[in-house]
Amino acid sequence: MQEYKYYLDGEFKSSSEKIEVIDPATEEAFAYIYQASKEDLEIALSQAKKAQKEWKNFSFKEKAKVLRDIAKVILDNLSGLAELETREIGKTYKESLFVDIPLSAEVFNYYASFLENLSEDLIKTDTGIDLIKYEPYGVCGVYLPYNVPLMIFGFSCAGALASGNALIVKPSEFGSLSLLELAKHLDKLDMPRGLINIITGQGETAGKYLAQAEVDLISFTGSLQTLKKIVSYSIDNPKKIICELGGVNFAVIFSDADKERAIDSLLSSSFMKQGQMCIGTSIALIEESIYESFISEFLEKVKKIKIGSPFEPATGLGPLVSQEHLSGVDRKVKEIISKGNKLLWGGEILEGKGYFYLPTVIELEELVYEEFFSPVVLVKRFREEELSSILENSPTGLVLQIWSNNLKKAKELAESCSCGTVWINTFAQMNAHTPFGGVKKSGWGRNLGKWGFFEYTQPKHIGIGFKKGSAEGWFGV
Ligand code: NAD
């Protein structure tokens, strides 16, 4: 079995505690990672602090070069990294290869260009000048979720590095391998030793140590439940927390929508990565007049989804990440059906090896605000007059899809709803230059674009006076 060591202060290290990595498609252990200790974290922190002092003095151009080098090693090693992400997590290889990991490289390249075009502000006043400097926070503790590790490494770490911070990254215990493999290539790049550190292990141990540590900022992507723990662990060392959480995401399909495109998009937003996507659709609201025909055409396609090895090009649905997640999803599905909601398709664990769950469609009698994070989509008919209250009452606000050929109506709805991202007649239109993050219980702060740079930056004002200022000598002493 292949071992993957964690990466601290430019060295690959192991501990006596191994964690097996299971292939969710075959249930075979094929690799192991190690549990990092509290002492490891202390080493990472002290080295990251030293590296950060050096890094913050790199010019924008020098930092940009390092970011471009990171993008290049990601792309140069794309197929191997994609293979590891798919083997460990179960999402299809085509998604890892063509979508998730290239997007990470795109984000590093974006911030390289951003820095190459950046200048600090210098403003002339009547009596002097004001300089605005972009200061980093220091060392950032970055938590990654299991579903798209390298993509979120790009989303959070590229902006943090561009702003001059050093990193201690904690990938999920269910999605560590691609980042540890990438570290072997990062290690050869010309950047300060200890600038990027990766600690692995369980959330309750390695994750907890990171929250308790004297890092200057936390960037967390994961569940609300874990965020609450991180907030409590960090109570003695409070710091800024940027957080990207989940969402009960709606797809609103009006009767005047392009039905075929809306159906295809609902398929991808419900079932891509087995529905383990923060931007995935939790609830499809379909306007009453087209509900029956829309659902029957949608179900026709759902029934044809090919389930199997995530490495097969024709596969649409691979396994869920773990046995625990599989059992949890099945339990939740049974529970929601027992409350009088109607199972239209799926709702079963596939027999045999692997953590496979049938693509599942449930018709809701009463609205529930529930994120399944699995191949389960809830569907409900709606009347236009009830729409705004359904959306307003949602506890979360990450993404919303609107499908309508009436752009005026769609734009008005997009503007009125509380949501980080709204897609009109499209899904997953995400780029390195557009802000990404949620409102309400979907998080606070933004990654990507210029917003993702300033989120990790503390602007500093230096005022230089050349003439007597209006407040000087005011007391007449
Ligand atoms: P998670 O909350 O279980 O884990 C996230 C990270 O926190 C992991 O690195 C994990 O090891 C660590 N962790 C877990 N328990 C911890 C603890 N007690 N103390 C400290 N650290 C701990 O999330 P997940 O299951 O990996 O990811 C799924 C969730 O992430 C979903 O809710 C999904 O919507 C969300 N997500 C959000 C985005 C976004 O950008 N908004 C992107 C991907 C996933």
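**Cores and ring pairs in a predicted model**

Let's start in the middle. The largest nonpolar core has 101 residues, and F153 and I168 touch the most other members. Where does this core lie with respect to domain 1 and domain 2? Domain 1 covers 2-245 + 442-462, domain 2 covers 250-424, and both give residues to the core, so it lies between them. Keep in mind that this is a predicted model.

Stay with I168 for a moment. Leave aside its neighbours within four places in sequence. I168 is then in contact with L41, A44, L45 and A48, among others. Its contacts also include V139, C140, G141 and V142. Further along the chain, they include N197, I199, L210 and V215.

There is another core, apart from that one. This core has 29 residues. Among them are L320, V329, I362 and C417.

Now step back to the whole chain. It has 14 helices and 23 strands. How does its radius of gyration agree with that of a compact globule? With 477 residues, such a globule would be near 23 Å; the chain has 24 Å, which agrees. Along its principal axes, the C-alpha trace spans about 80 × 60 × 40 Å. Of the 477 residues, 56% are buried. Now take the contacts with a separation of 6 or more. Residues 24 or more positions apart account for 72% of them.

On to the aromatic rings. How many aromatic pairs does the structure hold? It holds 19. I'll show you two.

The first one I picked is Y93 with F311. Their ring centres are 5.6 Å apart and the planes meet at 40°, so the pair is tilted. This pair links distant parts of the chain, 218 residues apart. Y93 is in helix α4, residues 93-116. F311 is in the loop between α10 (291-302) and α11 (323-338). Is F311 buried, partly exposed or exposed? Its relative accessibility is 32%, so F311 counts as partly exposed.

The other pair is Y143 with F220. Here the centres are 5.6 Å apart and the planes are at 65°; that angle is over 60, so the pair is edge-to-face. Which strands hold the two rings? Y143 lies in strand β8 (residues 139-143) and F220 in strand β11 (residues 217-221), so the pair ties together parts 77 residues apart in sequence. Y143 is at 6% relative accessibility, so it counts as buried. F220 is buried too, with a relative accessible area of 3%.

Rings also gather in a cluster. Ring pairs link Y110, Y111, F114, Y134, F453 and F454.

Then there are charges over rings. R87 lies over the face of F30, 4.2 Å from the ring centre. K332 has its charged end over the ring of F372, at 4.7 Å from the centre.

One last stop: I129. This residue is found in strand β7, residues 128-136. Is I129 buried or exposed? At 16% relative accessibility, under the 20% cut-off, I129 counts as buried. Along the chain, I129 and I462 are 333 residues apart. Yet their C-alpha atoms are separated by 8.4 Å. Leave aside sequence neighbours within four places once more. I129 is in contact with L122, I123 and K124, and also with I462, G463, I464 and F466.

That's the tour. Questions are welcome.

Terms used:
Residues are numbered from 1 along each chain as its sequence is written. This is a predicted model: local features need pLDDT of at least 70, side-chain atom pairs count only at pLDDT 80 or more; totals for chains, interfaces and linings use all residues. Side-chain values use heavy atoms; hydrogens and water are left out. Rings of Phe, Tyr and Trp (its six-membered ring) pair if their centres lie within 6.5 Å; planes under 30 degrees apart count as stacked, over 60 as edge-to-face and the rest as tilted. Helices (H or I, at least four residues) and strands (E, at least two) are DSSP runs, numbered from the N terminus. Buried means under 20% relative accessible area, exposed over 50%, partly exposed in between (1.4 Å probe, protein chains only). A charge sits over a ring if NZ of Lys or CZ of Arg is within 6 Å of the ring centre and within 35 degrees of the ring normal. A nonpolar core is a set of buried Ala, Val, Leu, Ile, Met, Phe, Trp, Tyr and Cys residues joined through side-chain atoms within 4.5 Å. Domain bounds come from an automatic or database domain assignment. Contact means heavy atoms within 4.5 Å. The radius of gyration is taken over C-alpha atoms; the globule rule is 2.2 Å times the number of residues to the power 0.38.
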